[in-house]
Amino acid sequence: MTLPYRMFQTYLKREDYRVVEVIRVLKQDKFPLYLTYSHTEKKQYIMKIFPYDKATNKINPQFTKEADLALFNHPNIINIVHVEPHQSIVQNGRQKHISYLLFEMSSMGTFRDLMLKKKIFKDEMLVRTYFHHLIEGITCLHYHGIAHMSLKLDNLILGDDFQLKITGFDFIIKQPDFQIPKNNNEEISPHPRNTEPYSHDIFAAGVILFILVIGHHPFIELNDQPNFKLEDQLKYDPDGFWKTHQALNKKVEFLSKDLKDLFIQMMDSDIRKQATLEEIKNNKWYIQDIYNPKLLKKKMSELLSIL
């Protein structure tokens with residue numbers, strides 16, 4: 001159930017986050033992001049600005065959707081520390097009405113940043129641990145009737161507690177308003193755009209899994225074969241798909257059948273055959289050992305200190 005905004009403020013206002021200093025622009029977009037500093041908390045936060053809807057001069061519907069995430073308090077979804085539905089600012093000499101959210105700030109960067117550090121995901125148990133985090137975050141979103149629709153490495157951050165956290169909610173859609181938004185997301189394509197939204201998240205999670213394990217996109221373009229599409233080969237010749245990738249990366253030769261099967265099932269464009277979250281969690285590769293929080297902190301601290 002969605003709480004009224006006045007209850008949001010009561011629920012979230014453990015400390016006074018309202019007095020924040022804007023340090024710099026992080027992303028200039030439809031809903032811009034700013035790095036801010038709370039003098040009360042002595043911490044940095046990410047502020048996301050939502051201008052009022054131009055047609056109605058009321059709170060932007062996107063703000064309403066994202067503000068609901070503040071209730072989740074899930075370790076694998078970025079934490080919203082404050083929700084502010086009504087705020088007046090002066091811009092270019094004119095008064096303007098906005099809403100904003102304050103998100104926790106992580107100094108660890110995104111998973112794309114981590115992928116640039118080539119050695120960090122050579123440990124398959126580490127990959128499986130973070131894949132668990134991703135699936136648990138998706139499970140929480142889907143349980144609350146939300147499809148993310150833009151899962152990619154840029155929208156996964158490493159929290160200061162070394163947990164994977166899902167962020168980047170510009171394209172989320174909620175039941176019952178399941179209409180596919182326009183989204184040029186290279187890590188979701190080529191999944192059909194007219195399918196059930198939850199399946200997009202599973203497809204994208206499969207792509208992320210492949211990238212973490214192998215180090216590149218499963219549907220990478222081959223320079224010597226510009227008309228050859230790996231997504232078609234995966235669909236019609238899975239064995240050939242793995243042979244093609246084995247020629248690109250010898251690591252593919254040593255992937256277990258259970259991991260390959262999991263990836264193929266998540267990639268299935270037929271949602272009747274595509275792996276569900278429950279089936280993913282029962283996969284033989286998935287249920288193998290992962291790092292507990294204490295060991296994960298030790299492992300990541302060591303890896304990040306030597307890179």
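**Exercise 1. Work out the setting of Tyr52: is this residue buried or exposed, and where does it sit?**

Step 1. Begin with accessibility: Tyr52 has a relative accessible area of 15%, so this residue is buried. Here buried means under 20% relative accessible area, exposed means over 50%, and partly exposed lies in between, using a 1.4 Å probe and protein chains only.

A word on the model before going on: it is predicted, so local features need pLDDT of at least 70 and side-chain atom pairs count only at pLDDT 80 or more, while totals for chains, interfaces and linings use all residues. Residues are numbered from 1 along each chain as its sequence is written, and side-chain values use heavy atoms, with hydrogens and water left out.

Step 2. Now place Tyr52 along the chain: the residue is in the loop between strand E3 (43–51) and helix H2 (61–67). Helices (H or I, at least four residues) and strands (E, at least two) are DSSP runs, numbered from the N terminus.

Step 3. List the contacts, meaning heavy atoms within 4.5 Å. Setting aside neighbours within four places in sequence, Tyr52 touches Asn57, Lys58, Ile59, Asn60, Pro85, His86, His97, Ile98 and Ser99.

Step 4. Compare sequence with space for one of these partners: Ile98 is 46 residues from Tyr52 in sequence, yet their C-alpha atoms are 5.3 Å apart.

**Exercise 2. Find the order of the strands in the open sheet, then follow their pairing.**

Step 1. Five strands make up this open sheet, in the order E1-E2-E3-E5-E4, with antiparallel pairing. Two strands pair if DSSP finds at least two bridges between them.

Step 2. Look for the edges: strand E1 (20–27) and strand E4 (80–91) each pair on one side only. Ignoring direction, neighbouring strands of the sheet are turned by 35° against each other on average.

Step 3. Walk across from E1. Six bridges join E1 to strand E2 (residues 33–38), and Arg24 stands opposite Leu35 in E2. These two strands form a hairpin with five residues between them.

Step 4. Continue to E3, which is joined to E2 by six bridges; here Tyr34 stands opposite Met47. The hairpin of E2 and E3 has four residues between its strands, and Lys42 takes a positive phi near 60° there.

Step 5. Finish with E3 and strand E5 (residues 94–104), an antiparallel pair with seven bridges. Phe103 in E5 is the bridge partner of Ile46.

**Exercise 3. Describe the aromatic pairs around Trp242: which pair is stacked, and which is edge-to-face?**

Step 1. Count first: the whole structure holds 14 aromatic pairs. Rings of Phe, Tyr and Trp (its six-membered ring) pair if their centres lie within 6.5 Å; planes under 30 degrees apart count as stacked, over 60 as edge-to-face and the rest as tilted.

Step 2. Phe210 and Trp242 have ring centres 6.1 Å apart and planes at 25°, so this pair is stacked. The pair links distant parts of the chain, with Phe210 in helix H5 (residues 197–214) and Trp242 in helix H7 (residues 238–248), 32 residues apart.

Step 3. Check burial: Phe210 is buried at a relative accessible area of 3%, and Trp242 is buried at 7%.

Step 4. Turn to Phe241 and Trp242, an edge-to-face pair at 5.1 Å centre to centre with 80° between the planes. Both of these residues are buried.

Step 5. Put the rings together: Phe210, Phe219, Phe241, Trp242 and Phe263 form one aromatic cluster.

**Exercise 4. Describe how H5 packs against helix H8 (residues 257–267).**

Step 1. The axes of H5 and H8 are 8 Å apart, and the helices pack at an angle of about 145°. Axes are lines fitted to C-alpha atoms, for helices over the stretch in contact, and angles run from 0 to 180 degrees between N-to-C directions.

Step 2. Name the residues that meet: from H5 they include Phe203, Leu209 and Phe210, and from H8 they include Leu262, Phe263 and Met266. Phe210 and Phe263 also belong to the aromatic cluster of Exercise 3.
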